[in-house]
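I opened this model to go through its strands, its sulfur pairs, a few loop residues and its pockets. My notes follow in the order I looked things up.

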Amino acid sequence: QVQLVESGGGLVQAGGSLRLSCTLSRPTFSNYAMGWFRQAPGKERGFVTTISMSFGSAYYADSVKGRFTISRDSAKNTVYLHMNSLKPEDTAVYYCAAGDRVTPSTVTSGDEYDYWGKGTLVTVSA
């Protein structure tokens with residue numbers, strides 16, 4: 001019933017930009033957060049950014065601050081990830097996640113998110 005669908009992944013050169021989108025279909029809650037995690041080959045899944053769909057509060061991993069921007073369209077249950085100045089180390093599968101029990105102190109924990117997309121691959125060439 002509840003699904004997250006990501007789009008926008010692809011191949012881009014270092015220094016380039018890319019925009020990812022994620023839409024939550026048939027939400028069963030009103031106050032919730034949507035964000036992005038990523039997993040590089042052979043690495044653990046890590047937090048990238050998240051945003052409160054109700055209040056707009058955004059949080060970023062240190063590695064992407066100043067380069068990535070998350071935005072929301074609450075009416076469409078959609079979040080966007082604007083990625084600028086991309087680096088080869090940004091190469092990963094990017095997963096959209098959503099949850100209604102995420103708090104400011106737990107935003108970086110994937111365990112706090114209840115729904116996950118299947119992922120979209122971002123490849124940054126040197």
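**Strand S8 and its partners**

I started from a single bridge: the partner of Cys22 in S8 is Val79. The model is predicted, and I read every value below with that in mind.

That bridge belongs to a longer pairing. Strand S3, residues 18-25, runs antiparallel to S8 over six bridges. I then looked for another neighbour of S8 and found strand S7, residues 68-73, which also pairs with S8 in the antiparallel sense over six bridges. Here I noted Ile70, whose bridge partner in S8 is Leu81.

Is S8 enclosed or open? I checked burial along residues 78-83 and got five of six residues buried, so the strand is largely enclosed by the rest of the structure.

**The S7-S8 turn**

I followed S7 into S8. The two strands form a hairpin with four residues between them. Asn77 sits in this loop. Its phi caught my eye: Asn77 is not a glycine, yet its phi is positive, at about 50 degrees. I looked up its accessibility as well. Asn77 comes out at 18%, so it counts as buried, the cut-off being under 20%.

**Ser85**

I noted a positive phi at Ser85 too. The angle is about 50 degrees, and this residue is not a glycine either. Ser85 lies in the loop between S8 and S9. With a relative accessible area of 40%, Ser85 is partly exposed.

**Sulfur pairs**

How many disulfides are there? I counted one. The bond joins Cys22 to Cys96, with an S to S distance of 2.0 Å. The pair links distant parts of the chain: Cys22 is in strand S3, Cys96 is in strand S9, and 74 residues separate them in sequence.

Which hand does this disulfide have? I took the torsion about the S-S bond of Cys22 and Cys96, which is about -90 degrees, so the disulfide is left-handed.

I checked both ends for exposure. Cys22 is buried, at a relative accessible area of 0%. Cys96 is buried, at 0% relative accessibility. Cys22 thus turns up twice in these notes, in the disulfide and as the bridge partner of Val79.

**Asp100**

Next I went past the end of S9. Asp100 is in the loop between strand S9, residues 92-99, and strand S10, residues 115-116. I get 42% relative accessibility for Asp100, so I log it as partly exposed.

What does Asp100 touch, leaving out residues up to four places away in sequence? I listed Phe29, Asn31, Tyr32 and Asp114. I also took the distance from Asp100 to Arg38. The two are 62 residues apart in sequence and 20 Å apart in space, C-alpha to C-alpha.

**The largest pocket**

I finished with empty space. A probe the size of a water molecule, rolled over the atoms, shows where such space is left. The largest pocket holds about 190 Å³.

I counted 17 lining residues, and those nearest the pocket centre are Tyr32, Ala33, Ser52, Val102 and Thr103. Tyr32 was already in my list of Asp100 contacts.

Which strand gives the most to the lining? I find S5, residues 46-52, with three residues. I then sorted the lining by class: eight residues are nonpolar, seven are polar and two are charged.

How values were computed. Residues are numbered from 1 along each chain as its sequence is written. This is a predicted model: local features need pLDDT of at least 70, side-chain atom pairs count only at pLDDT 80 or more; totals for chains, interfaces and linings use all residues. Side-chain values use heavy atoms; hydrogens and water are left out. Buried means under 20% relative accessible area, exposed over 50%, partly exposed in between (1.4 Å probe, protein chains only). Two strands pair if DSSP finds at least two bridges between them. Contact means heavy atoms within 4.5 Å. On a 1 Å grid over the protein atoms alone, a cavity is a set of points where a 1.4 Å probe fits but cannot get out, and a pocket is an open set with protein on both sides within 12 Å along at least five of seven lines; lining residues have an atom within 4 Å of a point. Grid points are joined across faces, edges and corners, and a volume is the space filled by probe spheres set on the points. Ala, Val, Leu, Ile, Met, Phe, Trp, Tyr, Cys and Pro count as nonpolar, Asp, Glu, Lys and Arg as charged, and the others, Gly among them, as polar. A disulfide is a pair of cysteine sulfur atoms within 2.5 Å.
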